[in-house]
Amino acid sequence: MGHNHFIKRGPPDHLPMYAAEAVGLMALAECKAVRVPEVINYGTDDAGAFLILERFDLQAPTSAASARLGRELAALHRKMWPQFGWPTDNFIGLSPQPNGMADDWTTFFAKQRLGFQLDLAEENGYTGRVTRRGRALIDRLPDLFGHRPRPSLLHGDFWSGNHAMLPDGTPVIFDPAVHYGDRECDLAMAALFGGFHPAFFDAYIEAWPMAAGWQDRWKVYQLYHVLNHLNLFGERYLAQAEALLAEL
């Protein structure tokens with residue numbers, strides 16, 4: 001089995017994370033837009049929780065594979081749903097990610113993305129400029145967003161470490177935090193930490209151009225992930241969060 005499968009293992013309390021990852025991968029696979037590892041099984045045994053996935057021989061993407069991924073991600077985002085969110089809560093990294101369904105994107109993002117992370121930041125002792133400016137930003141979201149996106153199926157944790165290429169040039173994605181949201185969220189995270197070839201962005205935008213005002217929206221969407229990193233990894237992300245809030 002070890003040669004044909006990739007196995008994640010953790011303590012028993014990791015089962016909800018593995019289950020959420022499995023459900024997300026199956027939802028992405030069902031769209032047949034981008035290659036993802038097949039889910040073989042998940043559960044618990046005497047050693048703890050486990051998730052068994054199809055094993056890939058991963059390689060760094062070429063410019064051609066990156067361009068193909070841009071087109072395929074645009075196709076994935078065309079999978080729509082009537083509401084924003086997801087039928088169940090899941091995880092972004094090790095952090096809980098609430099996904100209660102909502103009709104309005106601004107309300108959803110304010111409460112279940114920025115608001116949730118700001119609450120965590122307060123619990124973790126970050127009660128200065130980050131939380132004060134963050135609450136003020138939430139009040140300004142209707143003006144900053146300025147558009148009405150349709151609920152697209154998102155990977156949700158789309159940083160460079162969660163994409164690669166197979167030996168035949170097929171792009172693959174994995175480790176999702178799926179939900180239905182503004183498609184720009186995946187693009188914003190891809191741009192946040194770097195690692196994506198410019199051909200990826202060029203191909204995506206050619207397939208589905210951005211709406212006006214995307215630059216400010218991307219910064220808001222990036223703030224969600226920076227706050228999550230602040231809550232997970234500590235003060236090394238504090239300056240980045242404060243800088244984004246100052247810009248916004």
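A salt bridge here is a side-chain nitrogen of Lys or Arg within 4 Å of a carboxyl oxygen of Asp or Glu. With that in hand, here are some close-up views of this predicted model.

**View 1. Salt bridges turn up 10 times in the whole structure.**
Side chains of opposite charge can pair when their charged atoms come close. Take Asp 175 and Lys 8, whose side chains meet at 2.8 Å, N to O. These two come from distant parts of the chain, 167 residues apart: Lys 8 belongs to strand E1, while Asp 175 sits in the loop between strand E8 (171-173) and strand E9 (179-181). Is Asp 175 buried, exposed or something in between? Its relative accessibility is 26%, so Asp 175 counts as partly exposed.

**View 2. Arg 68 and Glu 72 make a salt bridge inside one helix.**
Both residues lie in helix H2 (residues 63-77). They are 4 residues apart, which is about one turn of the helix. The closest N and O atoms of the pair are 2.8 Å apart. The two partners don't get the same label for exposure: Arg 68 is partly exposed at 32% relative accessible area, whereas Glu 72 has 13% and is buried. The cut-off for buried is under 20%, which is why Glu 72 falls on that side.

**View 3. Arg 135 and Asp 119 bridge two helices.**
Here the N to O distance is 2.6 Å. Arg 135 sits in helix H4 and Asp 119 in helix H3 (residues 105-123), so to speak a link between distant parts of the chain, 16 residues apart. How exposed are the partners? Arg 135 has 29% relative accessibility and counts as partly exposed. Asp 119 is partly exposed too, with a relative accessible area of 37%. Elsewhere, salt bridges with shared partners join Lys 8, Glu 21 and Asp 175 into one network.

**View 4. Three strands line up as an open sheet.**
What is the order of the strands? Going across, you meet E1, then E3, then E2, and the pairing is antiparallel. Strand E1 (5-10) and strand E2 (39-45) are the edges, each pairing on one side only. On average, neighbouring strands of this sheet are turned by 15 degrees against each other, ignoring direction. Strands of a sheet pair through backbone hydrogen bonds, either parallel or antiparallel.

**View 5. Strand E3 has a partner on each side.**
E3 (residues 48-54) pairs with E1 over 6 bridges, in the antiparallel sense. Lys 8 is part of this: its bridge partner in E3 is Leu 51. E2 and E3 also pair over 6 bridges, again antiparallel, and there Asn 41 has Ile 52 of E3 as its bridge partner. A hairpin of 2 residues takes the chain from E2 to E3. How many residues of E3 are buried? The count is 6 of its 7, so to put it plainly, E3 is mostly covered.

**View 6. Helix H1 runs through residues 15-31.**
H1 has 17 residues and reaches 25 Å from its first C-alpha to its last, close to the 24 Å expected at 1.5 Å a residue. Which residues of H1 are buried? Among them are Met 17, Tyr 18, Glu 21, Leu 25 and Leu 28. Glu 21 is also a member of the salt-bridge network with Lys 8 and Asp 175. Right after H1 comes Lys 32, which has a positive phi near 60 degrees.

**View 7. Aromatic rings pair up 18 times in the structure.**One pair to look at is Phe 145 and Tyr 221, with ring centres 5.5 Å apart and planes at 55 degrees, so the pair is tilted. Phe 145 lies in helix H4 (residues 129-145) and Tyr 221 in helix H7 (residues 214-233), so the pair ties together parts that are 76 residues apart in sequence. Phe 145 counts as buried at 1% relative accessibility, and Tyr 221 is buried with a relative accessible area of 1%. Ring pairs also link Phe 145 and Tyr 221 into a cluster whose members include Phe 84, Trp 105, Phe 108, Phe 109 and Tyr 224.

**View 8. Trp 208 has Arg 78 and Arg 183 over its ring.**
The charged end of Arg 78 sits 4.1 Å from the centre of the Trp 208 ring. Arg 183 lies over the face of Trp 208 as well, at 3.9 Å from the ring centre.

Conventions:
Residues numbered from 1 in each chain as written. Predicted model: local features only at pLDDT ≥ 70, side-chain atom pairs only at ≥ 80, totals over all residues. Heavy atoms only, no water. Expected span 1.5 Å × (residues − 1). Buried < 20%, exposed > 50% of the residue type's maximum accessible area, 1.4 Å probe, protein only. Phe/Tyr/Trp six-rings, centres within 6.5 Å; stacked < 30°, edge-to-face > 60°. Lys NZ or Arg CZ within 6 Å of the ring centre and 35° of its normal. Pairing = 2+ DSSP bridges. Axes fitted to C-alpha atoms, helices over the stretch in contact; angles between N-to-C directions.
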